[in-house]
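Student: Could you take me through one part of this model closely, residue by residue, and keep to what the coordinates support?

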Amino acid sequence: MLNVEKIRRDFPILSREVYGRPLIYLDNAATTQKPLCVLDAMREEYLNVNANVHRGVHYLSQQATDLHEAAREKVRQFINARTTEEIVFTRGTTEAINLVASSFCESQMQPGDEVLVTEMEHHSNIVSWQLQAQKRGIVVRHLPITDEGLLMSCDDIATYLTDRTRLISVAHVSNVLGTVNPVEAIIRTAHEHGIPVLVDGAQSAPHFAVDVQAMDCDFFAFSGHKMYGPTGIGVLYGKEEWLEKLPPYQGGGEMIDKVTWEHTTFERLPFKFEAGTPDYVATHGLATAIDYIHSIGFDAIRQHEEALTRYCMEQLLTIEGMHIYGPSIEAGQRDAVVSFNVGDIHHLDMGTLLDRLGIAVRTGHHCAQPLMDRLGIAGTVRASFALYNSQAEIDALIAGIRRVSQMF
């Protein structure tokens, strides 16, 4: 079991007060707090190693480049990619998905070709494709979910594939329902039909080990800020054969081999997709966050977060009028997210009043409005957990919900 009190000392913000009450931070699916080691590593680089990477022969530039590329290798190990050429740094999951959407549709799709997503996707995995539909005439279709918040069987998924389906893009974990989708089975089914798969790993990479080779996904995207790293940095993994096929997403410095007035040739992978100065300090921060996660261990993290999620759901169900969205807490079906509503209390009212008690939760549609439409609601209250959360904080959440419910 995790020593939560010891871990919490690594996160100074958790010791502050809000409205005169101890902060209880349960909005980790939106962003996680940052440990001191990450903040110190980034500060140290700005103080002593700040120089643009890849372009200078001087000492600082070479040192900064070494740190930046060491971070790429750290990410490769983190998701078990085959080579660092398959690791593209982006600003986050959203940019990674937009990169694939733009480059894949430009080079691999014709008007009328289809992209298949699911009914539980984040807007970044819907709107990115809709923009391409407007530009290029592709078709965006979606796989439905059950009332319990689960996808259909892979046999049923196969019935949604047509001779125009060119790619499937699916969330590894729903940011609303906490559903852990069977991506390995989906990928096997897709590959049997010659269809590549993009996996949105924004909500999975912080919580359990990811092995992209074992998963056999063609693309995988995740963000640093949801896994104790800095904002503005993310990763797109792509199989080398796919990244070689796709055209650059943006043009500028860093991604070129040779430029003339008549023609430009592009740099080798992964730099073909990394136009402009990268956030080389944030990549160092991300690498430090990965080290921090590994120092605790994914087995311990997952056991701790599963226990918190189970306890939270059990306690929530003791409250009159409680409705929890998503699957049960059976092994492998739900991650560390619980979305709920209580009776007729508006989710915004519940979240606002919990905030006055020092409890930070998320309210609204969670960038998943089509999913809200499927559930027949305007929004939910969402509590999401991280390695520094405790059972005592969940007890405070339950007490807070009871207090707000009594007010209504």
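**Around H207, α7 and L246**

Tutor: Leaving out residues up to four places away in sequence, H207 touches F298, I301, R302, E305, D335, A336 and F385. The model is a predicted one, and in it H207 sits in the loop that runs between β8 (197–200) and α8 (212–215). H207 counts as buried because its relative accessible area is 8%, which falls under the 20% cut-off.

The two elements that flank this loop, β8 and α8, also appear in the packing of helix α7, whose buried residues pack against α6 (154–159), β7 (165–171), β8 and α8. Within α7, which covers residues 183–192, the buried positions are V183, A185, I186, I187, T189 and A190. Just after α7 comes G194, which takes a positive phi of about 75°.

A second loop position can be described in the same manner. L246 is placed in the loop between α9 (240–245) and β11 (256–259), and L246 is classed as buried because its relative accessible area is 1%, again under the 20% limit. When neighbours within four places in sequence are set aside, L246 is in contact with S103, F104, S107, Q108, F219, K272 and F273. For one of these partners, F273, a backbone separation is also available: the C-alpha atoms of L246 and F273 are 9.5 Å apart, while the two residues are 27 residues apart along the chain.

Definitions and conventions. Residues are numbered from 1 along each chain as its sequence is written. This is a predicted model: local features need pLDDT of at least 70, side-chain atom pairs count only at pLDDT 80 or more; totals for chains, interfaces and linings use all residues. Side-chain values use heavy atoms; hydrogens and water are left out. Helices (H or I, at least four residues) and strands (E, at least two) are DSSP runs, numbered from the N terminus. Buried means under 20% relative accessible area, exposed over 50%, partly exposed in between (1.4 Å probe, protein chains only). Contact means heavy atoms within 4.5 Å.
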